Amino acid sequence: MHKQSLIRIFKSSSIRLRNKLQGIKDLPIAMKLIIMSAIFIAVPLGIASYLTFTSYSASIQKNTGKYQMDVVKELTANIDTYMNELNLLTLMPYQAPQIMKYLEVETQTPGTDLTFNDRVTIEDFTKRVFANGRVDISGLTLYRIRGANKFMARAEEQASYSVSDVKNEVWYDKASKTGKVVYLGTFSKNAYDTTNQVYSFARRIRSVDTGVDLGYLVIDVDKNVIRNKIEAISNDKKNLLIVDNEGAMIYKSMSSGPEIEQINQFKGSGTVVYKQTKDAELLSYYTSPLTGWTMIEMVPLAILLQDTVYVRNYIIGIGAVCLVLAIIIFTVLALRITNPIGELRTLMKKVVVGDLDVSIPIRSRDEIGQLSQSFNIMVSKLSDLGYRLYESEIREKNAQISALQSQINPHFLYNTLGSISMYAEIQGNKEVVKMTNHLSKLLRYSINSHQSQVPLHRELEHVTGYMAIQQIRFEDKIKFHVDVEPELLNYSVIRFILQPIVENSIVHGIDKGNGYGTINLIGKKVDHHMLIQIQDDGAGMSAVQLQRVIDRKFEITTVEDGDGGTGLMNVHRRIALRYGNQYGVKIESNLKQGTTISLTLPLIEDLQEGRKQDA
């Protein structure tokens, strides 16, 4: 059912489409010209407008993306400058020999209190770090591997000493793999106050002489301090995002943005169009070679391309005005072209109803002017031909009268043949009686009928009479059999298509053989066609002779086989011309075995025969 409904829908759609196409074909020429001109103008104009708008939008997007990338790189460079100062602070232990000596001491065992001199050394170093003046340091932690001592100092708080193995810190694996400063992430130094968060940076301290790990220096920077620095550098931009090389969020000034999983794909540098929901944004990203941080800036495309809306509307307005003007101009031109055609059509209608006293003025020498001139000449010749036709009708009536008078000659011939038959019957010569009777029927069939098509049974009667005469002539050396399906007898065929083929079988088949033979005429219905075969067992043809005969089927000149009879090839051409090239004659023959001629004909009911049956 579903398949049938789809077929019905497809058929109905096809019918509607054909009706619409036919409606377009039936439109006046002027309307077709106007529609085509509108299409040919609107399509290129629309394409040009679209390409102009898209190229303008792409240019703005490209230039904005380049400017945005420059801004991101500049902001990253400024942040790198600040981070480089932190990097220099982490190198201060190498500038303090007392601190390096403290870290290299091996005599103390874990848990031993620091000496007074060690405390003074560490606290002096801490004061120098806090007093650098360039970077706001909120905390410092110094780990000594030998002795597992940990010194921790916070701004405006009391410093503390403890025993702690640095290997137990969560960031140890990350910091121990490189000699550079490492960003550790965001931490809350006070477990009771999670709002007081800092950014922590660590560096591994090694011996200058031996390269042995001596300790770690961790510097804490207040989170708000770095945020203020970033905002000061970026001029309070509200669309920035900074993540570290592991995808952890460092800074975010936008209300919404890509998820962490999406952020991790933005490494290196570039500008892309990023779609969060329905709104697209221009996203530029750049990864710092110093810190490994990636800065991302996003600007809504709607803001960037708001000026293009005016340009788009301007282009649409100009295009609409041009289209309207073009349609007006083409309408005027189309009417000037088609008005003479309409006038010519009106005059032709008058000629159709018999008014030949018309003439169209010639206003130009173009194709329409030449057509008008030809129309005037045609009307003049039609007027002249009218008189000639009148004279021809008079002559035709005279010819018909003469034809009626000449019919006495065939009747005289029929009467003469009847007299011969009567005298032969009186004398007891039955062969002469048969021949004269059959000959009389043949003459009546040939002369008295003006029909181009006859029922098959009449054509068979004609062939049977012809063969009766031939059998008497050849003294019964030729046998003739007819086997036709009864349902085919009332179908129409072309007159005189069987007798020439039967004659061809006698002349070129049996007569060229040993003089004895059989001719079979078979008729049957095959695949909604009529198939008639004339078979003989005469001399047959070789392959070369057969091919020569087949080639003659396609010659244009008239070919005649025998003296005065319609040729085999002419029968083929008559069938093909009447019914089409799919019908005609087919020849099969073998040397000394005989020949088969096959006629393929359409099944056409004989209307006159049907009317006789109804009567």
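Colleague: Across which strands does helix α14 lie, and at what angle does it run to β15?

Modeller: In this predicted model, helix α14 spans residues 499–510 and lies across β13, β15, β16 and β18. Its direction is at about 145° to β15.

Colleague: Which strands does helix α13 lie across?

Modeller: Helix α13, residues 456–473, lies across β13, β15 (517–526) and β16. Relative to β13, helix α13 runs at about 170°.

Colleague: How should one read the sheet itself, and in what order do the strands come?

Modeller: As a general idea, strands of a sheet pair through backbone hydrogen bonds, either parallel or antiparallel. Here, 5 strands form an open sheet with mixed pairing, in the order β13-β15-β16-β18-β17. At the edges stand β13 (478–484) and β17 (584–590), each of which pairs on one side only. From one strand to the next, the twist averages 15°.

Colleague: In which sense do β16 and β18 pair, parallel or antiparallel?

Modeller: Strand β16 (residues 529–536) and strand β18 (residues 594–602) are antiparallel, and their pairing extends over 8 bridges. To follow the register, one may start from Met530, whose bridge partner in β18 is Leu601.

Colleague: Let us turn to helix α2. Is Tyr50 buried or exposed?

Modeller: Tyr50, a residue of helix α2, has a relative accessible area of 55%. Exposed means over 50%, so Tyr50 is classed as exposed.

Colleague: Which residues make the nonpolar surface patch with Tyr50?

Modeller: Met31, Ile35, Met36, Ile39, Phe40, Val43, Ile47 and Leu51 make the patch together with Tyr50. The patch has an area of about 890 Å².

Colleague: Why does Ile41 count as partly exposed?

Modeller: Ile41 is located in helix α2, which covers residues 29–90. Buried requires a relative accessible area under 20%; Ile41 counts as partly exposed because its value is 21%.

Colleague: Which residues does Ile41 contact beyond its neighbours within four places in sequence?

Modeller: Ile41 is in contact with Leu323, Ala326 and Phe330. Cys322 is 281 residues from Ile41 in sequence, yet their C-alpha atoms are 8.9 Å apart in space.

Colleague: What portion of contacts in the whole protein joins residues at least 24 apart?

Modeller: Among contacts between residues at least 6 apart in sequence, the portion is 59%.

Colleague: How many helices and strands are there, and what share of the residues is buried?

Modeller: The protein has 17 helices and 18 strands, and 38% of its 615 residues are buried. Its accessible surface comes to about 37400 Å², with 55% belonging to carbon and sulfur atoms.

Terms used:
Residues numbered from 1 in each chain as written. Predicted model: local features only at pLDDT ≥ 70, side-chain atom pairs only at ≥ 80, totals over all residues. Heavy atoms only, no water. Helix = DSSP H or I, 4+ residues; strand = E, 2+ residues; numbered from the N terminus. Buried < 20%, exposed > 50% of the residue type's maximum accessible area, 1.4 Å probe, protein only. Contact = heavy atoms within 4.5 Å. Patch = residues over 30% accessible without salt bridge, like charges linked within 9 Å, V, L, I, M, F, W, Y side chains within 5 Å. Areas by Shrake-Rupley, 256 points an atom, 1.4 Å probe, with all protein chains shown as cover. Salt bridge = Lys/Arg side-chain N within 4 Å of Asp/Glu carboxyl O. Pairing = 2+ DSSP bridges. Axes fitted to C-alpha atoms, helices over the stretch in contact; angles between N-to-C directions.
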